[in-house]
Amino acid sequence: MEGAEFDDILDDWFIESLKTYKDLHVYQLEHPTQVIEWTSGKTVCVAGYSPTKNEILELHLPLKLFADENKGLCAERDFKVVHGGFTDGPVRCLRHVPGTRCAVTSDGLSSNLQVWDLGGDDSDVIRRTGSVEGRRGESEGGSRIAARLSSQPQILHGAQSSDIQLTHLTSGQTLYKLDTDSADPLSSLQFVSDSVFLAGCCNGNVYVADTRTSAAPQLSPPLASSGESVLWWTDAFAGPDPSGCRIIRLSSSGQAVVSDLRNPGGAVSRAQLDVQTRRCSVDGVRVSWAPALDDCIAVSGFSGAVQIYNTSVWRTELQESRPLFEHRGHVVSSQQSNDGVPVFVTSHVWHPDLPRTLLSAASDGSVHVWDWVDQSAADGPAPGTK
């Protein structure tokens with residue numbers, strides 16, 4: 001793309017963004033990240049995924065984002081590095097342990113985990129303090145990790161359904177193991193209540209289990225199959241009432257299915273999303289429920305955009321669905337790399353409290369935080385805040 005043409009596209013998008021964003025802030029990392037993890041309501045952790053040495057950073061979001069009034073008078077408009085360190089290998093998964101200044105990472109090469117002290121007021125250094133041994137050696141894709149708030153720090157982890165375990169982080173004691181003989185590679189792992197967790201598998205299987213019992217987990221296979229080999233990604237949102245937990249499964253062919261935790265084998269609704277289907281890796285795609293916006297999901301990894309969909313308009317019959325909003329900032333603001341590979345989004349995360357605020361990262365090292373404007377609100381009922 002010629003420089004003048006690129007400048008024109010960038011200018012047009014900037015003018016458009018004045019109407020479509022309430023806030024938009026841009027930061028540039030030295031190397032791209034596949035992880036964005038909240039460590040507080042105003043700070044996130046990111047880390048590189050190159051094969052060798054990488055940075056692991058805790059960033060403070062721009063203060064202007066949190067100014068209630070007179071945002072124009074707020075001088076702090078940039079991200080700020082508050083803690084930092086280095087890791088000898090890639091970081092494919094990172095989870096902050098709630099209530100602590102501790103994070104746990106997976107390098108994507110084995111089921112073993114790395115434990116990190118994120119630093120405090122007396123130190124700006126993130127340093128490795130230990131490790132957690134998994135139940136397998138080498139493991140393609142590495143472990144998925146889930147953490148919950150408890151009096152004693154505990155993490156749920158595993159690379160396959162057959163090696164999921166709950167580990168006491170301080171002592172290394174195994175507190176629970178999932179009772180299943182199947183060895184399905186995992187794409188996600190998350191708690192939906194203090195003791196109930198959901199394990200989403202790459203083949204679309206979903207396991208629901210309770211760490212308080214040794215009973216066999218509830219298994220639900222994927223609700224749709226195209227007859228070809230597809231990957232699946234899963235996310236769940238429990239809200240104040242875990243019994244009403246909703247599950248979404250998204251396939252690499254762009255088919256999305258919403259189900260209920262009480263009946264994960266059924267379909268509440270489904271849709272064919274407007275995504276650019278391509279050869280995806282298990283770590284490349286993200287689908288996530290909005291924590292503070294009714295019925296909305298965000299999808300990334302199929303292209304250089306992050307798409308927002310309103311699932312409340314989906315039906316039980318499969319239908320095509322258009323995004324409610326599309327963040328194209330990463331691909332618009334970055335020209336193609338020298339090898340001709342287009343920029344694609346590597347990760348995204350919703351803000352836990354601000355309904356329409358998300359962070360996203362891309363393969364060019366850019367990190368954006370953006371608060372989008374719902375243009376459909378003027379046309380009729382729109383998703384509401386929770």
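Q: What makes the strands β18, β19, β20, β21 and β25 one open sheet, and what is the pairing?
A: In this predicted model, five strands follow one another in the order β18-β19-β20-β21-β25 and form an open sheet with mixed pairing. Its edge strands are β18 (232–237) and β25 (320–321), each of which pairs on one side only.

Q: How do you know that β19 and β20 pair, and in which direction do they run?
A: Two strands pair if at least two bridges are found between them. Five bridges join β19 (residues 246–251) to β20 (residues 255–260), so the criterion of at least two is met. The two strands run antiparallel. Within this pairing, R246 has D260 in β20 as its bridge partner.

Q: Why is the contact of R262 with D260 called a salt bridge?
A: The term requires a side-chain nitrogen of Lys or Arg within 4 Å of a carboxyl oxygen of Asp or Glu. The side chains of R262 and D260 meet at 3.0 Å, N to O, and therefore satisfy this limit. In general, side chains of opposite charge can pair when their charged atoms come close.

Q: Why is R262 called exposed and D260 called buried?
A: Exposed means over 50% relative accessible area, and R262 has 59%, so R262 is exposed. Buried means under 20%, and D260 has 16%, so D260 is buried.

Q: How do you know that R95 and E37 form a salt bridge, and where in the chain do they lie?
A: The N to O distance between their side chains is 3.6 Å, which is within 4 Å, and the pair therefore counts as a salt bridge. The pair links distant parts of the chain: R95 belongs to strand β6 (residues 93–97) and E37 to strand β2 (residues 37–38), 58 residues apart.

Q: What makes R95 partly exposed and E37 buried?
A: R95 has a relative accessible area of 30%, between the limits of 20% and 50%, and is therefore partly exposed. E37, at 14%, is under 20% and so counts as buried.

Q: What makes R101 and E58 a salt bridge, and which parts of the chain does the pair link?
A: Their side chains meet at 2.8 Å, N to O, which is within 4 Å, so the pair qualifies. R101 is in the loop between β6 and β7 (102–106), whereas E58 is in strand β4 (residues 54–60), 43 residues apart. R101 is partly exposed because its relative accessibility is 32%, while E58 is buried because its value is 2%.

Q: How many salt bridges does a search of the whole structure find?
A: The search finds nine salt bridges.

Q: How many disulfides are found, and what would make a cysteine pair count as one?
A: A pair of cysteine sulfur atoms would have to lie within 2.5 Å. A search of the whole structure finds zero disulfides.

Q: Why are C93 and C296 called buried?
A: The relative accessible area is 7% for C93, under the 20% limit, so C93 is buried. For C296 the value is 0%, so C296 is buried as well.

Q: What is known of residues 345–371?
A: An unreviewed UniProt entry places the feature "repeat: WD" there. The span is 0% helix and 67% strand, and its end C-alpha atoms lie 17 Å apart.

Q: How many helices and strands does the protein have, and what share of its residues is buried?
A: The protein has two helices and 29 strands. Of its 386 residues, 55% count as buried.

Key:
Residues numbered from 1 in each chain as written. Predicted model: local features only at pLDDT ≥ 70, side-chain atom pairs only at ≥ 80, totals over all residues. Heavy atoms only, no water. Helix = DSSP H or I, 4+ residues; strand = E, 2+ residues; numbered from the N terminus. Buried < 20%, exposed > 50% of the residue type's maximum accessible area, 1.4 Å probe, protein only. UniProt positions renumbered as here; feature names shortened; annotations may be inferred.
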